[in-house]
Amino acid sequence: MNIHTNYSLKSLNTFGMDVYARQFASFENPEQLLQLQEVSNEFSKCMVLGGGSNILFTKNADRLVIKNEIRGIEIVKEDGDDVYIKVGAGVVWHQFVMYCIENGFAGIENLALIPGNIGASPMQNIGAYGVEIKDVFYSLEAYHKQEAKTYIFYNKDCEFGYRESVFKKKYKDQFIINRVTYKLSKKPAYNIEYGAIKQQLEIMGCKDLSIKNIAAAVIAIRTAKLPDPKKIGNAGSFFKNPEISDTQFEQLKKEFPNMVGYPVKPGLVKLAAGWLIEQCGWKGYREGDAGCHPLQALVLVNYGNANGQEIFLLSEKILKSVFQKFQVTLEREVNIL
Ligand code: FAD
Ligand code: EPU
């Protein structure tokens with residue numbers, strides 16, 4: 001196995017942070033992972049990298065960074081209604097979405113164009129436009145770094161929540177996800193209630209609903225409001241949308257009648273963090289090369305040469321001002337390293 005030292009991660013994270021890994025290696029199959037474990041005495045503390053689209057590096061990675069490049073898309077089981085597809089962690093998520101659309105497998109068309117790779121999709125239960133990965137997730141194979149053993153996790157084992165899973169909580173940094181199996185449907189149940197999907201389908205003149213049309217609508221909406229990391233460094237939503245009690249929401253509504261909130265379950269309301277941040281005056285704000293995107297206040301951006309500390313400090317300022325104005329605490333969604 002080839003282990004590089006002092007390896008640049010600049011092109012491997014979508015914020016474009018100019019940081020280095022003390023050691024770096026990539027692997028294309030579980031056997032290579034075992035070899036890596038044999039040759040590196042830092043393996044048990046290594047960090048796994050996918051597409052680097054949900055990470056803010058605030059400093060160099062003073063450890064072994066391994067990039068999971070396991071490929072392959074394989075149908076492992078099929079019945080009248082469903083198809084079970086096992087996918088390598090290194091496959092690009094959007095390519096898998098496109099594969100499903102071409103083959104008529106429904107369930108992830110609303111998740112088109114989310115950056116990153118398959119391996120990270122269950123990490124934070126990726127979601128968009130009314131669908132989350134937990135809705136189509138069947139199982140995954142993950143390698144325990146210290147026990148040197150592969151485990152299978154089924155849906156209930158992953159304890160999925162809003163941008164949460166067991167891999168971000170009690171099993172944080174313990175597992176390397178190598179393959180994920182999704183259960184997709186041959187009989188689509190279209191989900192177009194969320195956001196601007198219906199409107200976008202009308203604009204595009206789509207008369208017939210299909211998974212292809214829905215994906216096209218989602219792609220159009222996302223392209224219009226989210227910055228392309230190839231052009232402006234970012235990691236999508238920097239914060240989660242906060243959940244507060246309905247009593248607090250009612251109180252806030254008296255003072256801020258336009259506040260955006262959606263009931264999530266009895267007694268709990270989810271607020272739009274983008275709205276809160278915009279109301280505090282941050283939308284379009286720029287300090288050096290660190291900024292808050294002019295079209296989506298929830299997305300912090302690197303216009304070129306900002307470093308991770310600068311982006312992090314900006315996020316601190318935003319957190320504080322949102323708390324001061326609304327007494328609501330934002331939680332970062334991006335992994336800070
Ligand atoms: P990385 O950033 O490489 O890693 C993320 C975390 O997972 C790290 O802690 C890493 O160590 C860990 N990890 C990665 N791969 C593995 C593995 N194989 N085994 C174990 N741990 C692993 N997210 C959404 O949910 N919805 C959206 O709509 C959305 N929109 C976005 C839009 C833009 C423009 C951008 C830049 C990001 C957006 N994101 C969104 C966030 C991001 O795309 C997802 O979190 C994605 O799943 C990250 O994948 P990745 O491969 O880049 O993970
Ligand atoms: N809003 C504002 N100002 C802003 C941004 C948003 O007022 O600057 C308001 C909008 O007007 C709307 C509401 O906030 O009423 C929600 O905005 P939007 O539909 O753009 O979605 P979001 O809540 O900002 C979430 C996810 C996105 C996901 C979209 C679509 C989180 C943290 N973010 O964003 O996921 O793509 O919904 O489902 O849940 C990500 O996780 O990285 C991500 C991009």
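Let's start right at a contact: a backbone N or O atom of A297 sits 2.8 Å from an oxygen atom of ligand 2. I'm calling that a polar contact, meaning a pair of N or O atoms within 3.5 Å; inside the protein, one must be able to donate a hydrogen and the other to accept it, and residues adjacent in sequence count only if both atoms are side-chain atoms. On its own, ligand 2 exposes 820 Å², and the protein buries 82% of that; these accessible areas use the Shrake-Rupley method with a 1.4 Å probe, and for residues only the protein chains shown count as cover.

A quick word on the ground rules. This is a predicted model, where local features need pLDDT of at least 70 and side-chain atom pairs pLDDT 80 or more, while totals for chains, interfaces and linings use all residues. Residues count from 1 along each chain as its sequence is written, chains are lettered from A and ligands numbered from 1 in the order written, and side-chain values use heavy atoms, with hydrogens and water left out.

Back to ligand 2. Side chains join in too: an N or O atom of Y162 is 2.7 Å from a ligand 2 oxygen, and for K225 the distance is 3.0 Å. There are 23 residues around this ligand, with Y129, Y162, E278, Q296 and E333 coming nearest; "around" means a heavy atom within 4 Å. Sorted by class, that shell has 11 nonpolar, 5 polar and 7 charged residues. Here Ala, Val, Leu, Ile, Met, Phe, Trp, Tyr, Cys and Pro are nonpolar, Asp, Glu, Lys and Arg charged, and the others, Gly among them, polar.

Which element gives the most to the shell around ligand 2? That's α6, with 3 residues. At least two residues each come from α4 (211–225), β13 (233–237) and α6 (273–279); helices (H or I, at least four residues) and strands (E, at least two) are DSSP runs numbered from the N terminus. Domain 2 (73–185) and domain 3 (233–336) each supply at least three, with bounds from an automatic or database domain assignment.

Now ligand 1. It has 31 residues around it, and V48, G51, S53, Q124 and R222 come nearest. A polar side-chain atom of S53 is 2.7 Å from a ligand 1 oxygen, and a polar backbone atom of N54 is 2.8 Å from one. Taken alone, ligand 1 exposes 980 Å², of which the protein buries 92%. The ligand 1 shell has 15 nonpolar, 14 polar and 2 charged residues.
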